[in-house]
Amino acid sequence: MNTRRCHGPRNSQEGVNLGPAQTQSPLIQLQDPQLTVPSLRPPAPLVDISNMSVKDRTNEFQSVCRSLQGRQNGVQSSKPALSAIRQHSDFNLLAKSIGKDLSNTFAKLEKLTILAKRKSLFDDNAVEIEELTYIVKQDINCLNKQIAQLQGLVRARQSQNGIHLQTHSSTIVVSLQSKLASMSNDFKSVLEVRSANLKEQKSRIDPFSQAPASSFHIHTSNFSNSLLMQDDSKKTAEVSIDFRASQQLQLINKQDSYIQSRADTMQNIETTIVELGSIFQQLAHMVKEQEETAEVREKWEDDRETEIIKLLVEMLCP
Amino acid sequence: MAASVREKQAAALKRMLNFNAPPLKNTAAEPVWKVLIYDRFGQDIISPLLAVKELRDMGITLHLLLHSDRDPIPDVPAIYFVMPTEENIDRICQDLRNQLYESYYLNFISAISRSKLEDIASAALSANAVTQVTKVFDQYLNFITLEDDMFILCNQNKELISYHAINKPDIMDTEMEAIMDTIVDSLFCFFVTLGAVPIIRCPRGNAAEMVAVKLDKKLRENLRDARNSLFTGDNMGAGQFSFQRPLFVLADRNLDLATPLHHTWTYQALIHDVLDFHLNRVSMDESVGSEASPSGARPKKKNKKSYDLTAADKFWQKHKGSPFPEVAESVQEELDTYRAQEDEVKRLKSIMGLEGEDEGAISSISMSDNTAKLTSAVSSLPELLEKKRLIDLHTNVATAVLDHIKSRKLDVYFEYEEKLMSKSTLDKSLLDIISDPDAGTPEDKMRLFLIFYITALQAPSETDLDQYKKALLETGCDLSSLNYIKQWKAFTKIAATPSNYGNSGVKPMGLFSRVMNSGSQFVMEGVKHLVLKQHNLPVTRILDNLMEMKSNPETDDYRYFDPKMLRGSESSTPRNKNPFQEAIVFVVGGGNYIEYQNLVDYTKAKPGKRVLYGCSELFNAGQFIKQLSSLGQK
């Protein structure tokens with residue numbers, strides 16, 4: 001039988017905790033043999049040492065509930081269990097799915113970042129990078145549309161929702177928008193890194209496009225000065241000149257296609273950056289709308305993010 | 001070095017906001033949205049530590065007061081952070097019955113009692129919401145951290161544990177017990193969060209001793225309880241505090257009443273003294289409209305502006321302990337640097353604009369250079385914005401402080417009081433300053449006179465006293481606080497020892513006509529540029545003696561408690577002979593920023609040592625005089 005403990009004078013003053021603090025009471029719990037749930041401390045995670053500074057009373061609470069329930073068995077409450085209000089849940093579902101997509105896209109972006117940072121000439125997964133870039137771009141566009149849709153939902157419900165629900169929903173929308181904005185920002189910087197690397201690669205290859213001619217030239221001159229027959233030198237020189245020429249042509253062709261593909265990539269990057277600019281613009285627009293609809297001003301105010309996004313837009317699309 | 005108490009408390013809060021699991025660094029994780037419900041105690045604890053933006057980053061969409069009208073938000077978990085009072089429990093039960101949220105994570109700032117837990121349980125049962133109450137935790141966070149190394153006990157209802165409440169002559173035992181329990185509860189939470197069991201030293205025969213005894217008992221009980229101890233030593237070992245345990249010095253306000261009345265010269269303490277500074281937030285009136293008011297006009301409309309002075313504000317962190325003239329100079333320097341950077345960005349912008357029109361220019365500069373320049377300009381924008389905001393903030397605050405200094409001639413008071421407190425020769429008579437109509441408010445004069453009275457070796461003669469009293473009354477002072485000080489002096493013997501306030505005083509650097517060249521906003525005309533020399537206030541001196549194990553008649557008699565020792569001993573001989581590396585000083589009865597700053601300066605001079613400062617409440621001189629006056633009227 002659980003006994004109720006009195007804890008000194010009950011304080012009726014507003015909001016002051018002057019009663020003696022109760023730090024632990026597993027004793028009562030032990031009296032009931034059916035409830036042999038020892039009060040476990042939450043397992044200390046490896047990283048966080050200070051976990052010990054709180055006490056988990058959940059098990060105690062649950063055991064109290066069980067024992068009270070046992071006492072009240074005859075008197076069952078007729079109140080039904082909580083039923084979710086259906087109206088709100090589609091907002092929630094959409095928000096959750098956007099959140100999931102965001103984290104997926106973020107993972108892809110991380111992969112892209114690693115690939116783009118590679119500077120070697122030979123291990124260049126140009127195709128993979130291109131694909132991934134394309135996918136991420138599509139994802140960002142898609143997310144942008146979804147968030148706009150979400151915002152539309154919020155605005156449509158504005159009249160019905162209580163102010164708290166409205167603030168809650170609009171805060172979710174703003175937070176998703178800012179996550180998307182920061183991800184787009186990261187994406188943009190990855191693209192910049194990529195284009196810088198491409199440029200660097202190009203500058204490293206350029207000297208070699210002239211070099212073969214000179215090196216062959218040296219070769220032939222050496223050849224002509226060698227022990228080989230002086231008579232054949234002219235012939236061989238001709239042959240070698242032809243050979244040299246064809247070599248050069250081949251190289252030039254290869255280079256051309258290489259340069260061409262590089263130029264294409266650069267162009268893609270440029271267009272992507274411009275598109276990102278327009279996304280930023282849309283985001284800033286949405287955020288502005290958000291400001292207009294949000295009525296509740298909290299005590300701590302911080303809309304620096306909005307300002308920054310607007311300024312970013314200004315700078316990107318003058 | 002171990003994390004500061006601010007970091008620890010902030011980390012504990014963040015963990016709580018993450019449903020009591022350690023927060024993940026992974027930004028790619030799916031966002032989980034929640035609602036935070038707190039009471040005023042919780043609000044006071046959270047607001048100096050976490051900004052709204054940080055709350056948002058952790059997924060908190062709404063933060064609401066417990067006792068407010070709240071709409072149901074059915075799909076969302078709610079995190080509660082409240083004190084386990086009767087009222088709050090009732091409201092939580094009501095929330096459960098009204099089925100406001102999807103799930104409830106109840107976090108109590110200090111431990112909840114068994115009976116109240118049962119109340120919630122029965123409410124949950126009747127609302128059929130037991131499964132929704134997902135977690136119940138005792139957070140042990142019942143204190144407010146204002147700085148990395150400073151904390152206070154509470155802000156709500158602080159008059160219940162104020163100096164006045166503790167020292168009033170008609171106090172009943174039960175009241176005293178209740179006050180002590182409140183203080184000890186908070187201190188216990190503090191040590192739990194810090195993760196250390198200290199060695200306690202306290203003087204004899206006052207409130208500080210009572211607190212020490214109770215705290216020792218509470219820590220001891222907790223350590224003995226094998227199943228539930230919050231201080232399992234092994235977990236604390238790894239780099240929490242150094243190998244040594246910290247020293248906890250309990251001091252009583254009554255040992256030093258002059259410091260709370262003192263006029264000060266460092267930035268943070270000045271702000272606290274002359275402006276409305278509360279929980280790291282300054283509130284000021286900002287007058288709107290032109291300076292010249294037309295004759296017969298309505299008074300200018302004043303807006304109240306408030307600024308948060310936070311840990312992220314680098315200027316503040318650097319200069320909060322600096323003497324005021326240095327602050328003024330530094331603000332000017334910051335402004336100049338900012339203007340240079342702003343010009344740079346503007347130049348860049350104009351170049352960008354130009355290139356958009358001129359085709360030839362584009363081809364000459366490659367795309368990536370453009371992007372790089374653009375990126376760097378863009379990324380420096382938020383920094384610049386922030387810098388501008390901070391410079392504006394400090395300009396406004398410093399200007400307001402300077403206005404007070406000039407109109408009340410606070411530099412004169414400061415210098416004079418320093419001389420009084422250090423027993424240097426006085427160049428002006430006290431009577432002159434008191435009767436000077438230009439210098440200071442009646443309260444300033446009262447403060448000066450009280451300091452004189454407190455630090456005087458012998459009480460002034462009756463005739464002198466009457467003369468002073470007359471002068472004070474003429475300027476409109478209220479003399480009831482003097483009554484109390486007389487009584488106080490009568491029962492504390494400490495007042496008899498004059499060398500309390502250190503021997504080195506203030507060196508005036510001469511008058512400045514202008515601190516900086518023209519264009520500066522801080523014209524310190526006629527204001528003395530005073531330089532502080534380090535001297536130890538009484539509290540600092542006591543700490544020094546105890547921390548360095550120095551022998552001194554003042555502290556030799558202090559009691560010694562070690563909660564980890566098997567048997568509590570009554571002896572006051574410390575078993576530890578080595579100097580301490582970490583210490584916490586707590587003043588029962590209230591403290592202020594002057595003492596805090598003094599401790600900070602003391603610690604700076606001793607590398608490798610760490611000192612934390614705490615007090616039961618934080619008051620400025622004005623608030624303290626009010627308490628003294630009401631005590632003097634009894």
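Okay, a definition before anything else: when I call a residue buried, I mean under 20% relative accessible area. Keep that in mind, and keep in mind that this is a predicted model.

Let's start in chain B, with strand β8, residues 199-202. Which way do its side chains point? B:Ile199 and B:Arg201 go one way, B:Ile200 and B:Cys202 go the other. That fits the general picture, where side chains in a regular strand alternate between the two faces of the sheet. And whichever way they point here, all four of those residues are buried, the arginine included.

So who are the neighbours? β8(B) pairs with strand β9, residues 247-252 of chain B, in the parallel sense, over 3 bridges. Within that pairing, B:Ile200 sits opposite B:Phe248. Then there's strand β15 of chain B, residues 559-561, which also makes 3 bridges with β8(B), but in the antiparallel sense. Over there, B:Arg201 has B:Tyr560 as its bridge partner.

Now, over to chain A. How many helices and strands does chain A have? We get 7 helices and 1 strand. Going along the sequence, the order is α-β-α-α-α-α-α-α.

Chain A runs to 318 residues, and 37% of them are buried. If you take the contacts in chain A with a separation of 6 or more, 78% are between residues 24 or more positions apart.

Last bit, the surface. Chain A has an accessible surface of about 18,600 Å², and carbon and sulfur atoms account for 57% of that.

That's what I've got, thanks.

Methods
Residues are numbered from 1 along each chain as its sequence is written. Chains are lettered from A and ligands numbered from 1 in the order in which they are written. This is a predicted model: local features need pLDDT of at least 70, side-chain atom pairs count only at pLDDT 80 or more; totals for chains, interfaces and linings use all residues. Side-chain values use heavy atoms; hydrogens and water are left out. Helices (H or I, at least four residues) and strands (E, at least two) are DSSP runs, numbered from the N terminus. Buried means under 20% relative accessible area, exposed over 50%, partly exposed in between (1.4 Å probe, protein chains only). Contact means heavy atoms within 4.5 Å. Accessible areas come from the Shrake-Rupley method with a 1.4 Å probe; for residues, only the protein chains shown count as cover. Two strands pair if DSSP finds at least two bridges between them.
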